[in-house]
Amino acid sequence: MNKQGILESLLFTAGDEGIEQQQLLEILDINEQELENLIKDYESNGLMIQRYGKTVILTTKKEAANYIEQLIEQKSQMKLSQAAMEVLSIIAYNQPLSRSDIEMIRSINSDGAVKTLIAKGLVEAKIVNGERSQQLITTDLFLNVFGISNIEDLPTTEEDEEEMDDFFSNLVNQKGENND
């Protein structure tokens with residue numbers, strides 16, 4: 001693979017965080033001028049390489065903005081299934097836990113629900129404290145959607161069960177379901 005392809009792969013993997021220029025120079029074993037040339041010569045139909053200060057980011061071309069906005073709007077209007085809501089509440093109250101832990105609690109395969117929650121950015125899989133399997137935890141987006149600053153703000157089981165139901169149905173309402 002050529003350095004152009006390696007640069008693209010690195011930036012894609014880094015996501016919207018980007019990579020510091022110095023780190024790219026070290027990984028690619030090139031100088032600043034060579035990096036500048038790789039960025040300048042980068043060609044893609046839908047992507048471009050941009051700099052923000054000393055950070056280099058792979059991003060979409062401005063011409064795609066309207067299409068991306070439509071996608072985001074459509075995704076935000078998708079409501080969560082009952083299974084996904086159930087899995088989300090299990091993860092929120094018991095995190096971190098593995099997919100097999102969820103299946104033991106629900107007594108049913110939950111891969112589809114977990115994938116949906118990860119795709120929506122509400123849950124992420126991480127290696128936690130040397131566990132052998134990936135552990136599922138809620139994300140900052142989850143906290144944001146529920147309007148709480150940390151996971152300890154979730155209603156507890158000591159509180160009214162109706163409050164918890166209202167709390168989790170709030171996610172469906174905020175993700176675009178129309179209750180008219």
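Of the 180 residues in the protein chain, 32% are buried, where buried means under 20% relative accessible area, exposed means over 50%, and partly exposed covers what lies in between, with a 1.4 Å probe and protein chains only. The model is a predicted one, in which local features need pLDDT of at least 70 and side-chain atom pairs count only at pLDDT 80 or more, while totals for chains, interfaces and linings use all residues. Residues are numbered from 1 along each chain as its sequence is written, and side-chain values use heavy atoms, with hydrogens and water left out.

**Whole chain**

Begin with the whole chain, coloured by pLDDT, which is the predictor's confidence in each residue, from 0 to 100. The average is 82, and 82% of the residues score at least 70. Now select residues 174-180, where pLDDT stays under 50 and where the model has nine contacts beyond four places in sequence; a contact means heavy atoms within 4.5 Å. Where pLDDT is low, the predicted coordinates should not be read in detail.

Switch next to a cartoon view, which shows nine helices and five strands. These are DSSP runs, numbered from the N terminus, with helices (H or I) of at least four residues and strands (E) of at least two. From the N terminus on, the elements follow the order α-β-α-α-β-β-α-α-α-α-β-β-α-α.

**The sheet**

Select E1, E2 and E3, which form an open sheet of three strands in the order E1-E3-E2, with antiparallel pairing. Two strands pair if DSSP finds at least two bridges between them, and E1 and E2 are the edge strands, each pairing on one side only. Between E2 and E3 the antiparallel pairing runs over six bridges, and on this part of the sheet you can find Gln 50 standing opposite Ile 57 in E3.

**Helix H2 and its surroundings**

Move to helix H2, residues 21-28, and show the side chains of its buried residues, which are Gln 21, Leu 24, Leu 25 and Leu 28. Looking down the axis of H2, you will see these buried residues within an arc of 100°, so they line one face of the helix; the arc is that of the directions from the helix axis to the C-beta atoms. An α-helix has 3.6 residues a turn, so residues three or four places apart point the same way. To see what the buried residues of H2 pack against, add helix H1 (3-14), strand E1 (19-20), helix H3 (32-41), strand E2 (47-52) and strand E3 (55-60). Directly after H2 comes Asp 29, whose phi is positive, near 55°.

While H1 is displayed, pick Ile 6, which lies in that helix and counts as partly exposed, at 29% relative accessibility. Not counting residues up to four places away in sequence, Ile 6 touches Met 1 and Leu 28. A distance drawn between the C-alpha atoms of Ile 6 and Ile 27, which are 21 residues apart along the chain, should read 9.5 Å.

**Helix H7 and its surroundings**

Select helix H7, residues 111-119, in which Ala 113, Val 114 and Leu 117 are the buried residues. They cover an arc of only 100° around the axis, which puts them on the same side of H7. Turn the helix over, and the face pointing away from the buried side carries the exposed residues Lys 115 and Ala 119. The cover over the buried residues of H7 includes helix H5 (82-94), helix H6 (99-106), strand E4 (123-126) and strand E5 (135-138).

Zoom in on Val 114, which is buried, with a relative accessible area of 1%. Leaving aside neighbours within four places in sequence, Val 114 is in contact with Val 87, Arg 99, Ile 102 and Leu 136. Just after H7, look for Gly 121, which takes a positive phi of about 80°.

**The nonpolar cores**

A nonpolar core is a set of buried Ala, Val, Leu, Ile, Met, Phe, Trp, Tyr and Cys residues joined through side-chain atoms within 4.5 Å. The largest has 22 residues, and those with the most contacts inside it, which are good to select together, are Leu 88, Ile 91, Ile 102, Leu 117, Leu 122 and Phe 142. H5, H7 and helix H8 (140-146) are the elements that give two or more residues to this core, and H5 gives the most, with seven residues. Apart from this core lies another, of 14 residues, and you can locate it by selecting Leu 35, Ile 39, Ile 49 and Val 56, which are among them.
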